[in-house]
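Here is a short tour for anyone opening this structure for the first time. Keep the 3D view handy and follow along.

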Amino acid sequence: MRNIALRLSYDGTNYHGWQTQAKDVTVQQTVEQAVAKICKHSAHVTGCGRTDAGVHALRYCANFCTDCPIPTDRIPLALNSRLPGDIAVSAAVEAPEDFNAIGSCLRKEYVYTIHNSPIRDPFLSRRACFYPQPLDTERMARAAAAFVGTHDFAAVRSVGTETKTTVRTIYWCDVARQGELITVAVCANGFLYNMVRAIVGTLVYASYGKLEPEDIPALLEIGDRRLTGPTMPPQGLAMHRLWYDGPVGEMMSSGPCCTERRP
């Protein structure tokens, strides 16, 4: 049995997140249907994370097991011919037998994009959160720095997914502005439900003085979700990069990618 790892990307607008749902269309369900067509058997496709409804992935990893003899380098073309236009597989590799897209992932980076302008841009409406009130990126950056490190992040998670612990390690939380676009890049060893969107909401609150950047360590200690910022809309969020060992790591770090701030 071969263990095939995929590198894919998708626009999450038309999907109710990654994970298969009983009544809603999801990315996992759609990819599994395509895999079944090319492999002539059903297969469970394991994704590297449960992206929420409306959230995108510039780079995503998934794996499935098959005894189908189709050459690995032909799998992306075969799948893309059966996938809708808002999902694309860009590479495939044979992974070790024990590889698991979520369990083998070392760290992940999400990027949240804010269109900070008084006028909407219809071409950004599916990719960025429109926010007309002026934002102070210097205050946002100070607030972002407070999230870096190993903390209990219960104060910036939504109830909805069971987890053994709410402790995670954030390696960086960077804020950058280019014209009217503000990006927040967050890299961690794992994420809680709505964690990035809640962090960005807290940075927005810090921007216009609803809380001080220096308040954030104490708010994390208290762990009360009601004291931090709002959960920002999903369309601004995209999974950006993933780190793995071995051949999957090489695949995920190769090919075209967005501008990278960190190694």
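## Ala144, a buried alanine

Ala144 counts as buried, because its relative accessibility is 0%. Keep in mind as you look around that this is a predicted model. You'll find Ala144 in helix α3. Setting aside the residues within four places of it in sequence, Ala144 is in contact with Cys173, Val175 and Leu203.

One more pair to pick out here is Ala144 and Ala206. They sit 62 residues apart along the chain, and 9.5 Å separates their C-alpha atoms.

## How α3 meets α4

Two packed helices can be described by the angle between their axes and the distance between those axes. What are the angle and the axis distance for α3 and α4? Helix α3 covers residues 137-145 and helix α4 covers residues 195-207; they pack at an angle of about 135 degrees, and their axes are 8 Å apart. That angle makes α3 oblique to α4. As for handedness, the α3 and α4 crossing is right-handed.

Which residues make the contact? From α3 come Arg139, Met140, Ala143 and Ala144, while α4 brings Leu203, Ala206 and Ser207. Sorted by class, the contact of α3 with α4 has five nonpolar residues, one polar and one charged. So the Ala144 we started with is part of this contact on the α3 side, and Leu203 of α4 is one of the residues Ala144 touches.

## Thr66 and His41

Now over to Thr66, which has its place in strand β3, residues 56-66. Buried or exposed? Thr66 counts as buried, because its relative accessibility is 1%. Not counting residues up to four places away in sequence, Thr66 touches Met1, Arg2, Ile4, Cys39 and His41. Its side chain also has a polar atom 2.9 Å from the backbone nitrogen of Cys68.

His41 is a good partner to look at next, as a polar contact of 2.7 Å joins its side chain to that of Thr66. His41 belongs to the loop between α1 and β2. With a relative accessible area of 23%, His41 is partly exposed. Its contacts, leaving aside neighbours within four places in sequence, are Val35, Ala36, Cys65, Thr66 and Asp67. For a sense of scale, try His41 and Tyr110: they are 69 residues apart in sequence and 33 Å apart in space, C-alpha to C-alpha.

## Two positive phi values

Most residues other than glycine have a negative phi. Lys40 has a positive one, near 65 degrees. Lys40 is found in the loop between α1 (27-39) and β2 (46-47). This lysine is exposed, as its relative accessible area is 71%.

Where else can you see a positive phi near 65 degrees? Asn194 has one, and Asn194 isn't a glycine either. Look for Asn194 in the loop between β9 (181-188) and α4. Lys40 is exposed, whereas Asn194 counts as buried, with a relative accessibility of 12%.

## Val31 in helix α1

Val31 takes its place in helix α1. At 1% relative accessibility, Val31 counts as buried. What does Val31 touch once its neighbours within four places in sequence are left aside? Its contacts are Leu8, Trp18, Val45, Leu83 and Ile87.

You can also follow Val31 across to Pro84. The two are 53 residues apart along the chain, and their C-alpha atoms are separated by 9.5 Å.

## Glu162 out in a loop

Last stop: Glu162, which lies in the loop between β7 (149-152) and β8 (167-178). Glu162 is exposed, since its relative accessible area comes to 79%.

How far is Glu162 from Cys173 in space? They are 24 Å apart, C-alpha to C-alpha, and 11 residues apart in sequence. Cys173 may ring a bell, since Ala144 is in contact with it.

How values were computed. Residues numbered from 1 in each chain as written. Predicted model: local features only at pLDDT ≥ 70, side-chain atom pairs only at ≥ 80, totals over all residues. Heavy atoms only, no water. Axes fitted to C-alpha atoms, helices over the stretch in contact; angles between N-to-C directions. Helix = DSSP H or I, 4+ residues; strand = E, 2+ residues; numbered from the N terminus. Parallel < 35°, antiparallel > 145°, perpendicular 65-115°, else oblique. Left-handed = near helix turned anticlockwise from the far one by under 90°. Contact = heavy atoms within 4.5 Å. Nonpolar A, V, L, I, M, F, W, Y, C, P; charged D, E, K, R; others polar. Buried < 20%, exposed > 50% of the residue type's maximum accessible area, 1.4 Å probe, protein only. Polar contact = N/O pair within 3.5 Å; in protein donor to acceptor, adjacent residues only side chain to side chain.
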